[in-house]
Amino acid sequence: MAQPDTKKIFFENLSGAGKAIAVLTSGGDAQGMNAAVRAVVRMGTYVGAKVYFIREGYQGMVDGGENIIEATWESVSSMLQVGGTVIGSARCKDFRTHEGRLKAALNLVKLGITNLCVIGGDGSLTGANLFREEWSGLLAELVEQGSIERQSVETYSALHIVGMVGSIDNDFCGTDMTIGTDSALHRIIEVVDAIMTTAQSHQRTFVLEVMGRHCGYLALVSALACGADWVLIPEMPPEDGWEEKMCQKLSATRSRGTRLNIIIVAEGAIDRHGKPITSSIVKDLVVKCLGFDTRVTILGHVQRGGTPSAFDRILASRMGVEAVLALLETTANTPACVVSLSGNQSVRLPLMECVQMTQEVQKAMDEKKFEEAVKLRGRSFENNLKTYKLLAHRKPESELPISNFNVAVLNVGAPAAGMNAAVRSAVRVGISEGHKMFAVSDGFEGFYKGQIKEIKWADVGGWTGQGGSLLGTKRTLPAKHVGKIAEQMRTHNINALLVIGGFEAFLSLLELLTARGKYEEFCVPMIMVPATVSNNIPGSDLSIGADTALNAITTTCDRIKQSASGTKRRVFIIETMGGYCGYLATVAGLAAGADAAYIYEEPFDIRDLQANVEHLTEKMKTSIQRGLVLRNENSNENYTTDFIYQLYSEEGKGVFDCRKNVLGHMQQGGAPSPFDRNFGTKISAKAMQWVTKKLVETFRQGRVFANTEDSCCLLGMRRRALVFQPVVQLKGETDFIHRIPKEQWWLKLRPLMKILAKYKTSYDVSDSGQLEHVVHHRPKDSDASAAM
């Protein structure tokens, strides 16, 4: 008999009754902090704990009084989409002193607070750990002073700390992405995209300075996302003589017909001798050596501001809930921990191990051990750097390996933002590995018609920021034209295929695999990279394009909700794309603060609809002014968007009125998000490296012959790793009728959305984070890192 999952059962009894949790934001602000605060307050309230705001960070804890106030469910309404931190943040000198921490301890004990959720950087979290270590001594001191009773020492004997890292620099070791980083990348890329248009008009060179005094993550990833010509970061200073090499690179780019250059400089960039490299130094160098019209743009605090991205809202919401669970499970011997994401998996890591690792990075940089500093930043950072060098710096023809292999790349299915970044990456990595790359226009329709031509390094310049599919894409499957496609493969001597697309791409590879029995032309390595806004591909937790669509939906929902501000109570019914896959409706619902999200995977009936209406009516009467309900386009053939709109309109009479919106194809359009640009770039580069490996393995007697299952694969993100999976093995995981995987990880987020919308529901914590150690928490091939 199977043993019950004790952790699932444990949550039903996991009560916060009698516990007090305080949440504070400290240090520099970061977009998404408010989403984290909201999640802590609502999850804490949900489990029956008292939750307090500490305003103005540690300063508010030291000053006490009105700075520490009890939070309610309603007090965190309408803050999800707000940037910065609404409870304030301040750098506090008083808390660094023993006297300051003594005052803070007294203020917490007065309110019975022994659980702290700290959202900040490494300095804030280190301070919290010191406070925890001193706690018993501070209480003893307060007893001696007569400030508290001796009994209080026993009642409040241990202080429990859980940290969430809020920092746009992504400079904290042990976590793949810190709260605020993705939003900061959005700000940078918005500026870069805007600057590129004016730079092209005037044939200018732009030097952009981004934040990152000690960490070059923002500079490196934004350079990867926009295809910058040069990047300067503190972890890997350029070799001596970099000035000449940079100018040669810029000149070579212009000579190939490019009308602009982009150079990105981290504010902490240095040379090999520790001397700062500023944006003005770089500008003067370009003007002096090349005479190019060169301008400097310093982005500054723009990067900290603005609305948080969908990714940051989801990250912060998940981490806020995980922080409350971690606090409820702590004992007196549990070390202070940090909650974070690894891939799309929640993890808990010992706080001081993370802090020590972060300090080791700085130490390595101070000692000029730059290779070691890059490795200590983590596998994701290291791979970002390798990928950037591979794609930005073209090797001379004489240095390229000669493979004599021809590789074709094509897009199949509906357009998805990030497809072009994936094609650019595949083309440039393929050329770097000595292959001749061919572009196929209009998917398999163009393939059988012979729309195939060689594509060169310069042909894909500037593709990363372009939406849609520049190659052209169609939903046509190859089966009907397999003979003609085989003929084109023979004519162009195609030795491998890279297919970038959605569910049709998956079906296409299965059809080509079957066709191997009849046509030897298909006995070549074939690989698929998932790209679809629906995120419905088996074998991958994420698809290129889904993040851009999520941001489009979330931004639109924000605007729609704002349109009702100052009016009477209103509920909006929004229809999203996704086919039968409810990913967009569910995750956008979490990011936009929806009250309900109707999807095919979670069947619902008229009783559920009625319960939702009644729940929303009750909330409208007591607190909120605006409601948001999302519906996936194919969630139910009878309960249509019109039906739900009419039901809510009728049942809400006298309390709220309704409006409906069908978002349609705007979810497929627009420039790709930084996440999709980088995910597309990195996953496609990895796919091409697999192609090279397979070509070498299967080349026998003057020809390529690959007919094993593992020579026709899908490269997908699974939990924490990028994994190659034979497509034939994924058939059993697929619901072909509804074009979705049979198991989908994001369904575990639905109870979280409901809890944050004030529904009573059971929450499966079997997948929540377990305490791990920093040095061991990354598997060998974990460059998933939320694809960043």
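In this short talk I will go through the internal cavities of this structure, then three helix packings, and finally one loop residue.

Please keep in mind throughout that we are looking at a predicted model.

Let me begin with the cavities. With a lower limit of 30 Å³, the count comes to four cavities, and the largest of these has a volume of about 230 Å³. This largest cavity is lined by 18 residues, and those closest to its centre are Phe 311, Ile 314, Leu 542, Tyr 583 and Trp 745. If you would like to find the lining by helices, look at helix 11, residues 310–329, at helix 19, residues 546–562, and at helix 20, residues 583–592, each of which supplies at least two of the lining residues. Helix 11 gives the largest share, with four residues. As for the character of this lining, it divides into 13 nonpolar residues, three polar ones and two charged ones.

The second largest cavity has a volume of about 110 Å³. Here 12 residues form the lining, and the closest to the centre are Asn 170, Thr 175, Asp 176, Arg 377 and Phe 381. The lining of this second largest cavity is made up of five nonpolar, three polar and four charged residues.

Let me turn now to the helices. Two packed helices are described by the angle between their axes together with the distance between those axes, and I will give both values for each pair.

The pair I take up first is helix 5, residues 122–145, with helix 12, residues 351–366, which pack at an angle of about 135° with their axes 10 Å apart. Angles from 65 to 115 degrees would count as roughly perpendicular and those over 145 as roughly antiparallel, and helix 5 and helix 12 are therefore oblique to each other. Their crossing is left-handed. On the helix 5 side, Asp 122, Leu 125, Thr 126 and Asn 129 take part in the contact, and they meet Leu 351, Met 352, Val 355 and Thr 358 of helix 12. Taken together, the residues of this contact divide into four nonpolar, three polar and one charged.

The next pair is helix 15, residues 419–432, with helix 23, residues 674–698, whose axes come within 7 Å and cross at roughly 35°. The crossing of helix 15 and helix 23 is right-handed. From helix 15 the contact includes Ala 421, Ala 422, Ser 425, Ala 426, Val 429 and Gly 430, while helix 23 brings Arg 677, Gly 680, Thr 681, Ser 684, Ala 685, Met 688 and Gln 689. These residues divide into six nonpolar, six polar and one charged.

Helix 23 also packs against helix 7, residues 181–202, with the axes coming within 9 Å and crossing at roughly 90°, which makes helix 7 roughly perpendicular to helix 23. In this contact Asp 182, Leu 185, His 186, Ile 189 and Asp 193 of helix 7 face Pro 674, Phe 675 and Arg 677 of helix 23. The contact of helix 7 with helix 23 holds four nonpolar residues, one polar residue and three charged residues.

I will end with the loop residue, Asp 240, which lies between strand 7, residues 230–232, and helix 9, residues 242–255. Leaving aside residues up to four places away in sequence, Asp 240 touches Arg 272 and His 273. Asp 240 and His 273 are 33 residues apart in sequence, while their C-alpha atoms are 9.1 Å apart in space.

Notes:
Residues are numbered from 1 along each chain as its sequence is written. This is a predicted model: local features need pLDDT of at least 70, side-chain atom pairs count only at pLDDT 80 or more; totals for chains, interfaces and linings use all residues. Side-chain values use heavy atoms; hydrogens and water are left out. On a 1 Å grid over the protein atoms alone, a cavity is a set of points where a 1.4 Å probe fits but cannot get out, and a pocket is an open set with protein on both sides within 12 Å along at least five of seven lines; lining residues have an atom within 4 Å of a point. Grid points are joined across faces, edges and corners, and a volume is the space filled by probe spheres set on the points. Ala, Val, Leu, Ile, Met, Phe, Trp, Tyr, Cys and Pro count as nonpolar, Asp, Glu, Lys and Arg as charged, and the others, Gly among them, as polar. Axes are lines fitted to C-alpha atoms, for helices over the stretch in contact, and angles run from 0 to 180 degrees between N-to-C directions. Angles under 35 degrees count as roughly parallel, over 145 as roughly antiparallel, 65 to 115 as roughly perpendicular and the rest as oblique. A crossing is left-handed if the near helix is turned anticlockwise from the far one by less than a right angle, and right-handed if clockwise. Contact means heavy atoms within 4.5 Å.
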